[in-house]
Each structure stands twice: as structure tokens, then as C-alpha cells.
Amino acid sequence: MLSRFGGKEFLKTNHRYSFTGFLLLFLFLLASCSSKFASDRQYVPAQNLMDVVKDFQRFAREDVYRFPIAKDVTGVNVMKAALVRLDDYERKNPRQFIDVIQYSRAIAYERLRDYDQALASYRKVADMEGPMRAEALKNIETLEAFKAILDKPLPTEDPFEYMKVLDEKVDSWNELVKKYQGTRFEYLARVEEEKVDRAKVAFVEVNRFRLTDGNHITILAFSQLVTKHRQSKNYYRYVLDFGDFYVRLAKDYIAENDPEGLAFDMKVFEQLAKSALSLYTEVASVDGIVEKIEAQGKVESLRGLTDKIRRLNR
Amino acid sequence: MSAYKSVVAMLCLSAWLATPPKPSAAQTGQELPDRILNPLPEFDPFDKPPSAPLYFPDDVDKRARSAMVAALTGETEHLAEDLQFFTDRDAQLKKERGTTTGITELVRDLYNNTIEDRQRYLAAQRQALSFTAMPQHKQLIESRLNNDDLNQANDQLRKAAQNKWGGIFNRMLGSINIANLMTGNYTSAAIDSAVQQVVAMTSNEMPIEERRALTLLNEHLKRYPDDPRNPEVRKKVEELEKKKRRVLAQKQVEKAEEAVGKRDFAKAEFYYQIASVIDPQSRNAETGLEEIKKGAKTNEQETKKALQIAASATRSVSADNQETSGLLYALTLRDEEKIQSEAEALEKKYRGGAQAEAARDARSVALEIKGRHEEAKKLLKQVADSSNAHERDRARALIDNPEYNLLATFESAHTKYKLDTVKYVLLGDDFLKKNLMLAAPLVVAGPAGAPTVAAANGIMMATNLVQVLTANPISNQDVIDKGVEYVRAHPDSKDASDVYSVLADAYERNSAYDKAIAYSEMSGRVSEKKLADLKEKAAKSLLQAAGKTQDRSAQEYYLKQILDNYGDSDTAKDATQRLSRMTRMENQGLRMTKKFLMENSELFGPEGLGLKASLFDGNVSNMELAEKGVSVLGDNEILLNLQTPWGVRTQTYRLDESTNNRFQMAMRQRNYDVAMADVDSRPKNSEGGLKNAPPTILAGQLGKKPQETDPETTFTLVREAGAPSTSRTSGADAKLQTEAERDPTSKYKLPPIQGNISASHFDISGGLPTGLWGEKIMVGHDQGSPFAGVLLPIPLLQGFIPVDFMVQGGAGRFAVFPKIRLSQDKGNDQELYR
């Protein structure tokens, strides 16, 4: 019967099909096993400088004060990715579009706040004739102003002098913010100003036991920081740090007054814990930010601490 | 005669004139308000204080003092002598007068507490238990015996074993109908038991009883390091620790595997690492970490490759030539206009060619620089549909990239949420388990099992639907996170409006009305009516929150929030009234309702506030306290809410210092008594006593700080959000109520209802109120016919193996199912053993 319908052929073909099928199934299983822990993203490497520059400019948002540096399709910081790609392009295509490469490199270094490298790249562009030269010269002037503020030495002997110089730096950055309003340098200047503001708070916090009313000054400093940089990408980080400081005060209070003893005033502890809690809750209730997970953990941790202290104090 | 008449008339006239005039109706009306406002001006609500007890110290008294001093200073020998004295004196008094001193047991208790050896201590407590006649003392000793760590640990381990084996037996016996045992049909029971057993065995849990036992055993080792039973205890601890480590590690591995399923490898690595820290011998954790590392290495290589420029053999060098250099410079300088013009020129020149697609892509970059993200994405989609392989693949990779295409990520999360919700309505959770369970009736009873399956499915779906409509168990957090991420990155894009609307709905579903209102407003599409509705809901939720908390400052905060943010809502009127009520004097201080005082009569009696008993006898004619009770205001004032024929009237009285002190002592004593009442049923070291009792009163003089604090640690500058501003009188501020008053719905609460689906039947059961013989009532469907039953405990077996019997009656049949009773952990500290 089979032979009438070309049975042998049929069987042979069928056998071949079934073997192919098994092979495909095996390969599929193998592929699914191997890809379980690997990313499923498909990347297409750049072919030319145009691709590199397009990828770079597409993600290179200017407002680095409000937004973090974007990640490109590979998930790498777009500035760092651009530097790697530009190096590779230069190696594979020596002496081609040097000004474009150096200018792009300068921008990447600038956004990564490596002003020395950025200046070096801009200077190379300025040394060449071409459409980039004028822009490069302008940028060199701006970055030199940045460098002047950054290089201003900080006195190490007197803490008050140290604070004074930090304040002066803040003023200088503020002037640059005004001067370059509307350009990418405004945002960079804001980032630098923010860094100094945070450093001021850290300095007060570290030295709070040496200062009169050190705790109060630190609280004020944190309040000013979160008020001033409400728009910053680091805002929620600062709110968490502020909450951490209240927790530190609460723990200091526990260390100084045994919760099982009579000198311990639960109200003082609860007031500090409540202040920390309100700050943590503020972050924990914001959606779409990574700090939320940390804040939720801190809320739970504070609940545990308060519960323990309440039990001890009972 | 006429003279006589005249005299009579004169006498009548003078009598009329002498009679005082009757008050008019108007005059009566004028007097009434005084009586209403001050119904009993002379009324004194206090009884005379009890006279001080007369005190004549004798030998017994002296010895009692000596025993207390010896107990405090740890002089065991003296204490033993004192105990001997009291024992002898009791024997003597009993012989002579038939009475005793009454304090021997208390002295014995002091002595017993000095015994350090556990075995001797417990033996002494047991002996004391047999001696004592005082019920409260008996309860205290019983609680000590019960609270012994080792005894409790053993008890917990016994419960765990009972639950484990009881569970297995119940799964086996649950299908056996004793009434039909003679029929010999065990197939159904066997399949049913096997299915349930498999399901039960797949769960990877360590019972809470075992975890409690582990803690208690460690406590025992710490407290009695020299106890002779310790080697045995240590062995048990080791076994339990090993099991705990294994279970905890497995839990982390499960979380890691879930993360792998979602392709979140960073999260998976985190959980695998925790698992390997908990149990370094966990093979699953080790394998998982290795796989993750391998995957990470592959990803790293892929990324590295993607960061390289393609090899010269495959790349089109023509892209970087003099013709395109104009566009390249424009791109480098981020000159949007120049990019646009150069790209358009190139597109025109090379229409349909690779250069044209590259130029179109450049136009998309220009739009991106201008902040027109959605338009840029549209252009990119055109490139993704083009025939040029390189440009097409790059565009597709970009569109698929969640970092770039946040809108697609958001839309996919939204679609997934909707699908999950539908899936939940149709299948519920634990899909696999239920399917396994539902397949069993068909195996056991064939087509006859179909109605059971159908009925069970119907009930499940209806329940799921109700659940979704009232409080959807499917989380929409991912939708919210992705949506917020999108609008934060592209707040002014065309599609942002849609995303704002979805976010508003999602927040409304989560009862986060403030955010729902904000996003609705941002969407620009919300109607006035919808906005007003949201505001009303927001105000109501705040009002509910205020009603739920006992904390006065929190209540004030919530009510003020309503007035500040939703002043136009109807609820705001209610909030205003509540806020004004809170500021009234009778709502301040330490408030105790009449029912609470009657439940704790020591507080108002001669040993407490000294209020007259007639205030609580229900007779309004002799003055009655209103339901609202009394408020102790500060240290020297008490406010009484009195029930009068004209309604509740308040009256303030002076509270002298001695009465106040007496009341505070009575409060502490009552708190102790209440705490003692459930000392043997509460978890060890848990807080007992009166609910919401002010800590300042309970702490007595200890509440006052004895020393000046260091100025550096007085945090006067602490800032608090929403700190209350309403001034209040000093002193304790709390409201003491009975359990029923605190939660008026508690008496109407339905007993817990459970459902069960087994291979042969499904049922719904609920607890019966205490006092009835039965404990549970059940209705269900069994192999084609409905049934109803009641669960009866059989007292004869309770002391040995607690077995209950479910007696069921259905259409022309009678069935009896035995069931071993499992113990349930009722501690309120379960979180500590999770």
C-alpha cells in the first residue's frame, strides 16, 4: 500500500522531516536554555561616524542638572559609549574628520565633568581651520571660567575660612548660571553649584560636634539644600540623606540616654523618628524613581527601630 | 344677716389678698432655662472619701517588711527564715482561731523567685500552685509555668508536629465518609488524598510554631546555660537552624527565579547572593549565581561588540564622505535648523537610497534635539520600515529600546495589567493548583463530576469579579511607574495627555485621590463633575482616616487637610464640625465613657474618683451619668456629662489632689489586673492592660525627667510636617472606651468564611458563634448534589487527639467526615517569625 503511494520515499522523507524536526526542537531548547540568563536585546553596531554622532546627539540631553545622563541602546552611559566609539572610529579611520571626533569627544568629557580633557579636545579643534573652530574657542573660554572656580584652593586650617570659600564658590557658580542662562553651560554650572552646596552640608554634618548648635545648623543646611535644589535629579537622594540625619540624631539620643532608663524621653525620640519618617515617606510615595525602593526599606527599618525602643522604654 | 355676709365677704377678700399671687405662664418660662442649665445646683457627685486604715504593726507586719527587704537585697537565708516564720504562724493561727495570716503564699513566692536552678524553680512553682488559694496568684504562677521557654518551645514543636501529621491525615480522612465506610469504595479518597498531598508537599514553608520554638530554645540556652537538658536542646536548635536556613535560602532562590522570568538579572543576582549568604551550601543559589555570571559575561561581550565600529568589510564608508560632511558638522554642533536643511537636501538627492534613510534618521535627531520626541519617533518608524537593512535594524533596535521608547514600555505595562485582570477574573490566582484540583473530580467521578467543577468555577469567577471591582488584587504599580517615568521625561509631548489620564485612573483605583486629582488636571480632559467627585472622595478618605486613628494630633491633621485642600466639598462641613467638637472642653483631657467606667468600677469607686454609685444606676431622677462619661482635665478638674430630662448637660467639679492621686493609683492597679487577666494567653513580653491608657499615668512619678539634659541633645529645632497647632490643656489626653465602643462594628462582624476545593467537592464554611455546640457550618456541592453540614467537636477525644466530625446531610444521604483539629497561631507578633 505504501509502495503504491511511493511508501519508501514517503518514509524516507518523513524520517528526514522528523529528524529535522527533532534537530530544530533540540536547537530551540538549547537556544532557550542558553538565552535564559542573557539579554534579549539586539544591537546593531555603528558603521560610520554619522551613526556615532547621531546616537550621541539623540540621547545627549543638555539639562544634566534635572536629568541624569541617558543610557544608549546598549544600556551604557551615552557619554562613555560615545568616547569608546569615537576612539574605535579614530583607530580604524586615522586622520578622518578629526575636528568632528575631537569636538564630540570634548562634549562627552564636558558632560562627564572632566574639564581638563574637554579643554584639551576643544583646543585641538581650535588649532584646526574649519566650521568647529569658532564654537570650540567659545567653549574654551567658558570652561576656563569653570576651571578657575574649581581650582580655587580651599583653606585647610580654619573651618570658618573653609566655609567662607565654599560660599564664595557658590556665588561664582551662581554668576555663571546667570551668564550662561539658556545654554548647556547653565545646567553644568548648576550641577557644580549643587556639588558645593552638598559639600557644605557634608562639612557641617561631619563637624557638628565641634560647632555650637551643630545639630541645628546641620538641619538648617539640609533644609536649605532640599529647598534650593528641588528641581535637581538628586533631590530625592538629598531628602533620604536628610531623613538619615534625623535617624542619626535619634540613634545619638539612644546612645546618650538608655531607653530602659528614666532619663530617656520617648517623646524626644519619637519626634526625631517622626521627622525622619515624614522625609522617607515623601520619597517612598513617589512613583517611577529607584530611590522609592530604598525609601520603603528605610521606612520599614525605622519602624523596627521605633518598635524596639518603645519596647525597651515601656 | 347682711352684716354677717359683709364680714364673710371681707374675710374672703382679705384671704384672697393674703394669698401670694400664682405665677403666670410667662414667669414659669423664665425660670426654666436656669433649671435646664443647672439641673441640680447643689448636687455633689462625690462620695465621702474612705477613712484611712488604722494601722497597728505587729510581728507579722515586721516579718513581712523583713521578707521584702531580704528579697530586694537577695538575702536568701533570711527569706527562708521569714517563710518558716509565716508557715509556723499560719499553723498556729489555724489551730487556735481557724484563720491564717494570708500572706504566706506571697512570701513563698518571693522565696521561690530566688531559685536559680530551672528544675527546682519549676518544681517550687508547681508546689506553690497547689498551696495557693488566691485566684490571681494562681493565674500568675500558671503563667510562669506556661511561659517557661523550654516548655513553650516543646509545646510549639508539638503543635507543629500535630499540624503536619494532622494535615496529612485530614487530607486522607477528608474524603472518607464514615457512614459509608462499609461500601469499601476508597478510589475516590485515594485520588483525592494523593492530589491534595502533592499540592501540600510542593509548598516550601517552615511552620511558625517551629520558628517560635527555635527562638524559645535559644532563650532557654541563654537563660539556663547549665541546665542538664541543654545537650538535647542544642541538638534540636541545630536541626531547626538548618531547616530554617534551607527554607529561607529557598525563598530567596524563588524570588531570584521570578526575577529571571522577568529578565531582571540584577535583581535575580541580588536574591541569589542573599540565598548563598543565608545558606552557603544551597546548590540552587550556587547554580543560579553561576548562570547569572555567565549571562552577564555574554551580555558584556554583546555590549562591547555593539560599542565597536563595524569591521570595514561590512560597513558603508560612503556615509562619511564630503557630501554628508555638512550634515555631520550640523549634527556635531547640534544645529537643528542646519541638520533639517542638510538632511532634506540629501533625502531629495538620494531618494530611495541608503543615504536618504540616514538623512531621515538625522531629521529625527533634529526633532529630538528640539524636544519633539513623539514626532522624532514617527520618523524613526519610517526608517524602521525602509528597505535599507542597516538603517532599518538600527531604527528597530532603538524603537524596541525601553530607555528610548518609554511610551511603548508604558503601553505594554498597561496592556499587561488589563490582561492580568481579565486572567484573574477567569482563573483567579494559583491557576495550576486549582486546575489540578478541578481535574480530579473528573478523574474520580467522570462526567458526574462536571457539575461540581462547573459550580466551583462559577463561584470562583463571581468572587474574582467582585474582588476586581472592589479592590483589584492585580497591582497597577508597574503602569504607574512607567507612566510617571514617561511624563517626567516628555511632559509636553502629544501623548502625555493620554498618559496623564491613565495615571489619574490608576491612582484613583489605588485610592490615592490627591495624585488622581493632580494628574486629571494635567490631562486637561477632566470634566468639572469628575473633578468634584474626586475631591469629594479625597475628602471622605481623609475623614475616614481621621475616624480610624486614636491619635488626636493625627485626627486634627487629617481634618485640617480636608479644610485646606477640599474646602468646597460636602465633607468639609462635617470636618469643620468635628474639628470644632474636638476643641470643646469635654472632648479634651482623659475621657472615660460610662460603659468603660462601669466595666472598670475601681476607677470611679471609693478607691478611685470617688463618684457616687447612683450616677451609674440608670435612674435619671437621682442624677445619672451620660454615656459620654467623664473627662479628667489636668490635675484638679473633672468634667461630668450628666443625663437630664433636657438632654446631656456638662458640669465641672474640682478634683482635689488626694482624689486625683487615688484615681491614678486605681488606674495603675486596674491596668495591672487587666494585664494579669490574659497574661497566660498573650505572647511573652507583650503589652497587656487597658487599651489606650495614658503612659504618663501608668508611669506615675517615673514619667518626670530626673535630670537636666545636655543642651546639644535638646532638639528644639526639630521640624515636623503638619504639627498640630490647637492648644490643649496639660495632662493626659486620651479616650478610654470599651471594646464594643471602640469598634462598634465588631459585634456585627461575620465569622471568618473559608472555601475549599477538593477532588470530590467544593465547599464554603464559616465559624458559628461560641456557645453553640457546633463550631462551623458548611454548604457545598459534592459529586452532583448539594449538601449542608455542621462541624462538631467530640469532647471524648479532645484530651487525646482533638478530632472533629463534619456531619453532612444532602439529597437523600447522610455523611460523617472526621477531621483532626489543627492549632492556629494567634500571637500578634507573627511578623517576627515570618
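Arg95(A) is found in the loop of chain A that lies between α3 (78–92) and α4 (98–111), and this loop residue is a convenient place to enter what is a predicted model. Most residues other than glycine have a negative phi. Arg95(A), by contrast, has a phi near 65°, a positive value in a residue that is not a glycine. Arg95(A) also counts as exposed, because 6 other C-beta atoms lie within 10 Å of its own, and a residue is called exposed when that number is 12 or fewer.

From this loop one can step back to chain A as a whole. Chain A contains twelve helices and zero strands, so that a reading along its sequence gives the pattern α-α-α-α-α-α-α-α-α-α-α-α. Of the 314 residues in chain A, 34% are buried. When contacts between residues at least 6 apart in sequence are considered in chain A, 49% of them join residues at least 24 apart.

One pair of helices in this chain can be followed in detail. Helix α8 (residues 184–206) of chain A packs against helix α9 (residues 214–228) of chain A at an angle of about 165°, and their axes are 9 Å apart. Angles over 145 degrees count as roughly antiparallel, and α8(A) and α9(A) are therefore roughly antiparallel to each other. In this arrangement α8(A) passes α9(A) in a left-handed crossing. The residues that α8(A) brings to the contact are Asp197(A), Arg198(A), Lys200(A), Val201(A), Val204(A) and Glu205(A), and they meet Ile217(A), Thr218(A), Ala221(A), Phe222(A), Leu225(A) and Lys228(A) in α9(A). Sorted by class, the contact of α8(A) with α9(A) comprises six nonpolar, one polar and five charged residues.

Chain B has both kinds of element, with 32 helices and eleven strands. Its buried residues make up 27% of the 834 residues in the chain, and among contacts in chain B between residues at least 6 apart in sequence, 52% join residues at least 24 apart.

Which order do the strands take in the open sheet of five strands in chain B? The order is β4-β3-β2-β1-β5, and the pairing is mixed. At the edges stand β4 and β5 (734–736) of chain B, each with a single partner strand, so one side of each is left without a neighbour in the sheet. On average, neighbouring strands of this sheet are turned by 20° against each other, direction ignored.

The individual pairings show how this mixed sheet is put together. Strands of a sheet pair through backbone hydrogen bonds, either parallel or antiparallel. Beginning at the β4 edge, β3(B) and strand β4 (residues 647–654) of chain B run antiparallel and are joined by eight bridges, while a hairpin connects β3(B) to β4(B) through two residues. Within this pairing, Val648(B) in β4(B) is the bridge partner of Gln643(B). Strand β2 (residues 624–633) of chain B and strand β3 (residues 637–644) of chain B likewise run antiparallel, and six bridges join them. Here Val630(B) stands opposite Leu640(B) in β3(B). The hairpin of β2(B) and β3(B) has three residues between the strands, and in it Gly634(B) takes a positive phi near 60°. Towards the other edge, strand β1 (residues 590–592) of chain B and β5(B) run parallel and are joined by three bridges, with Ala734(B) in β5(B) as the bridge partner of Leu590(B).

Two loop residues of chain B complete the tour. Asn692(B) lies in the loop between α29 (657–677) and α30 (695–699) of chain B, and it has a positive phi of about 70° although it is not a glycine. Asn692(B) is partly exposed, because 13 other C-beta atoms lie within 10 Å. Asp495(B), for its part, lies in the loop between α22 (477–489) and α23 (496–509) of chain B, where it is partly exposed, with 17 other C-beta atoms within 10 Å. Leaving aside residues up to four places away in sequence, Asp495(B) touches Glu374(B) and Leu407(B). Between the C-alpha atoms of Asp495(B) and Ile697(B), which are 202 residues apart along the chain, the separation is 60 Å.

Technical notes
Residues numbered from 1 in each chain as written. Chains lettered and ligands numbered in written order. Predicted model: local features only at pLDDT ≥ 70, side-chain atom pairs only at ≥ 80, totals over all residues. Helix = DSSP H or I, 4+ residues; strand = E, 2+ residues; numbered from the N terminus. Buried ≥ 20, exposed ≤ 12 C-beta atoms within 10 Å, placed from the backbone. Contact = placed C-beta atoms within 7 Å. Axes fitted to C-alpha atoms, helices over the stretch in contact; angles between N-to-C directions. Parallel < 35°, antiparallel > 145°, perpendicular 65-115°, else oblique. Left-handed = near helix turned anticlockwise from the far one by under 90°. Nonpolar A, V, L, I, M, F, W, Y, C, P; charged D, E, K, R; others polar. Pairing = 2+ DSSP bridges.
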